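Student: I would like a close look at one part of this protein, namely the salt bridges and the parts of the chain that they link. Could you walk me through them and then set them in the wider structure?

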Amino acid sequence: MTSISLRNIRCLLSNYRHLRCLQQQQRYAVTVTDEYRPSTKSRSSLKGVELLRNPALNKGMAFTLEERQHMGIHGLLPPAILSQDIQALRVMINFHRMNNDLDRYSELMNLSDRNEKLFYRVIADNLEELIPIVYTPTVGLACQKYGLVFKRPRGLFITIHDKGHIYDILCNWTEQHVKAIVVTDGERILGLGDLGAFGMGIPVGKLQLYTAIAGIPPQDCLPIMLDVGTNNEEISSNPLYIGLRQKRVTGKEYEEFLDEFMEAVVQRFGWNCLVQFEDFASQNAYRLLERYQKQFCTFNDDIQGTAAVVLAGLFGALRISGKKLIENTYLFVGAGQAACGIADLITHAMIREGASEEEAKSRIWMYDVHGLIVDSGVKSRPQGDLDGPKAPYVKKGKPIKDLTQVVDFVKPTVLLGASGVGRLFHEGVLKKMADINERPVIFALSNPTSRAECTAEEAYRETDGRCIFASGSPFKSVVYNGKTFHPGQGNNAYIFPAVALATVACAARHVEEDMFLMAAQKLGSLVNQEDLDDGRVYPPVETIHEVTIKIAAHLAEHLYNTKKAWNYPEPENKEEFIRMQLYDTSYEYFGSKTWEWPEKHSKSRTVPTMDENIILDA
């Protein structure tokens, strides 16, 4: 035993702490790689003004007194403490004070830049009123005016001149675990054509619906604009244009650019990162879908999502008319990617119901800007090609240009507009449909509202209130002959958020074609008889969140049954599993989190007396 003074003990402890410090420095002196580099500061370290400037964390005046003092923001806010309910009320009061929809759109985007959780709370509580603002039809106008409404980037802009460095740009996005990407090249924005980089409003809006409707956390979502130029000189000459001022790159260079992008996404975020293609031109959309569908986790909403929501509407319409799919004749006005995608899925559904492929395709006719798509046998129609996705639906017959005469010749029971040409279903066309059918089915699907083939009021009036109507853009209820009709909106928001939610939740590596047919069938089954009696062929918009969960759970069951899900172990209750994934709009607590220990372990240990020698083992 050796006698050591208290002074020596303190010296030994000091030397020991110094040694430990040197050892720790050596231990942690490693090269920092992407795997270990933190994407953002930890939440506990975000304090003061920095906390208020972070939209994902900011609660505005909802911070409690304890939180304000603990996080160093006391005095940076007015003294009142407001609940999220009061904040949401204030947002909607200001929203209704706006003079036009573009101002309302800008106000909501400003809110998302300040307080993310409040933004999604407000959208979720007012879906029917706000979906037309954050998405179609107002988002179309916002894209046209994007140079004015642009405040800050909400995603990534990757240009053709970044070819060879796309992975590096993806690494600049601070979120490490992106699960869903919506990408566009801006060439065919809604029915508005080539808007170039102004089309970024579409991926932003789509992903906001991913969160507001499907509950996919916003930090898991990434909007991307692939800027390869624009052929719209009016847009590119705008002094506020935010993209490349050059003609669009096409051909081999374009394909190599897209290939590099898809490979970089997998390298950065993994094989199960979902990529939704949006508003690519028809000549690219189908080709890219076929190129990537079996290799990557991807789908095209314009082709597959639109097809599924229209097919779901038809399921609802046929419950009213009492007919089967194969018992109808379909005339598509417009033969682009949307129309061909719908036709393909209807064909697939008829085959599933027992029809042959030849029989199913024989029920579908197409009409485009050059007239009825036919091959006369001796020679083709005077103008317009017969190749591409519409080729399987070319019929034998005489070329007819006038749409009223086409309706009289084909005698369709279902008229579907996907032309992007406003008021193409004029009085003569609508009256002819009413003459041919007791309950004509008329879907005016083009967006935005100005491009709809007819309005709901025109459809009900010209068919004497007998038509079954749906549209791509929302229309108000119509009163005709003392009866109120509630037109259905064939909004893709019924489908693409559910498909994305199921894919992301189950970590699926591919989005199978059957998923869209199953989603359409499930959506059609969720329309109740009361809705059908009111003229609706879709569930009310205010129920879209619950509808999405039901569809996603149905798809999750399919993915696990077919061994396409990679998220294990398999959950027993798929709907409960889906609900566990949903984004929570309630605020996080930032106060100090403390707890008690047993008293004898929470007391500090002290030396009994300061002048006493202590006997220690040597």
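Tutor: Gladly; here is a walk through the salt bridges, followed by their surroundings.

A word on the basis: this is a predicted model, in which local features need pLDDT of at least 70 and side-chain atom pairs count only at pLDDT 80 or more, while totals for chains, interfaces and linings use all residues. Residues are numbered from 1 along each chain as its sequence is written, and side-chain values use heavy atoms, with hydrogens and water left out.

A salt bridge here is a side-chain nitrogen of Lys or Arg within 4 Å of a carboxyl oxygen of Asp or Glu. By that rule, the whole structure has 33 salt bridges. Let us begin with Asp279 and Arg188, whose side chains meet at 3.2 Å, N to O. This pair links distant parts of the chain, 91 residues apart: Asp279 is in the loop between strand E5 (274-277) and helix H14 (282-292), and Arg188 is in the loop between strand E3 (180-184) and helix H11 (201-214). Helices (H or I, at least four residues) and strands (E, at least two) are DSSP runs, numbered from the N terminus. For accessibility, buried means under 20% relative accessible area, exposed means over 50%, and partly exposed lies in between (1.4 Å probe, protein chains only). Asp279 is buried, at a relative accessible area of 0%, whereas Arg188 is partly exposed at 24%.

Next come Arg291 and Glu255, which form a salt bridge of 3.7 Å, N to O. Arg291 belongs to helix H14 and Glu255 to helix H13 (residues 251-269), so the pair ties together parts that are 36 residues apart in sequence. Arg291 is partly exposed, with a relative accessibility of 35%, and Glu255 is partly exposed as well, at 25%. These two are also members of a network of salt bridges that links Glu255, Asp259, Arg287 and Arg291.

The third pair is Asp514 with Arg352, where the closest N and O atoms are 2.9 Å apart. Here the link joins helix H22 (residues 514-525), which holds Asp514, to helix H16 (residues 337-352), which holds Arg352, across 162 residues. Asp514 is partly exposed, with a relative accessible area of 25%, while Arg352 counts as exposed at 52%.

Now for the nonpolar interior. A nonpolar core is a set of buried Ala, Val, Leu, Ile, Met, Phe, Trp, Tyr and Cys residues joined through side-chain atoms within 4.5 Å. The largest one has 163 residues, and Ile181, Tyr210 and Phe261 touch the most other members. Helix H15 (residues 301-321) gives the largest share of this core, 11 residues. Apart from it lies another core, of 27 residues, including Val406, Phe425, Phe469 and Val478. Contact means heavy atoms within 4.5 Å. Leaving aside neighbours within four places in sequence, Ile181 is in contact with residues including Leu222, Phe261, Val265, Phe269 and Cys273.

Helix H21 (residues 496-506) deserves a stop too: 11 of its 11 residues are buried, so the helix is largely enclosed by the rest of the structure. Among those buried residues are Phe496, Pro497, Leu501 and Cys506. Ala507 follows H21 and has a positive phi, near 55°.

Other backbone details sit in loops. Lys411 also has a positive phi, about 55°, although it is not a glycine; it is found between helix H18 (403-410) and strand E12 (414-417). The peptide bond from Thr136 to Pro137 is cis, with omega near 10°, and Pro137 lies in the loop between helix H7 (127-134) and helix H8 (138-144). Another cis bond joins Asn447 and Pro448, with omega about -10°. Most residues other than glycine have a negative phi, and most peptide bonds are trans.

Finally, the whole. The protein has 26 helices and 18 strands, and buried residues make up 52% of its 618 residues. Of the contacts with a separation of 6 or more, 73% are between residues 24 or more positions apart. As for pLDDT, the predictor's confidence in each residue from 0 to 100, the protein averages 90, and 90% of the residues score at least 70. Over residues 16-42, however, pLDDT stays under 50, and the model has 10 contacts beyond four places in sequence for them.
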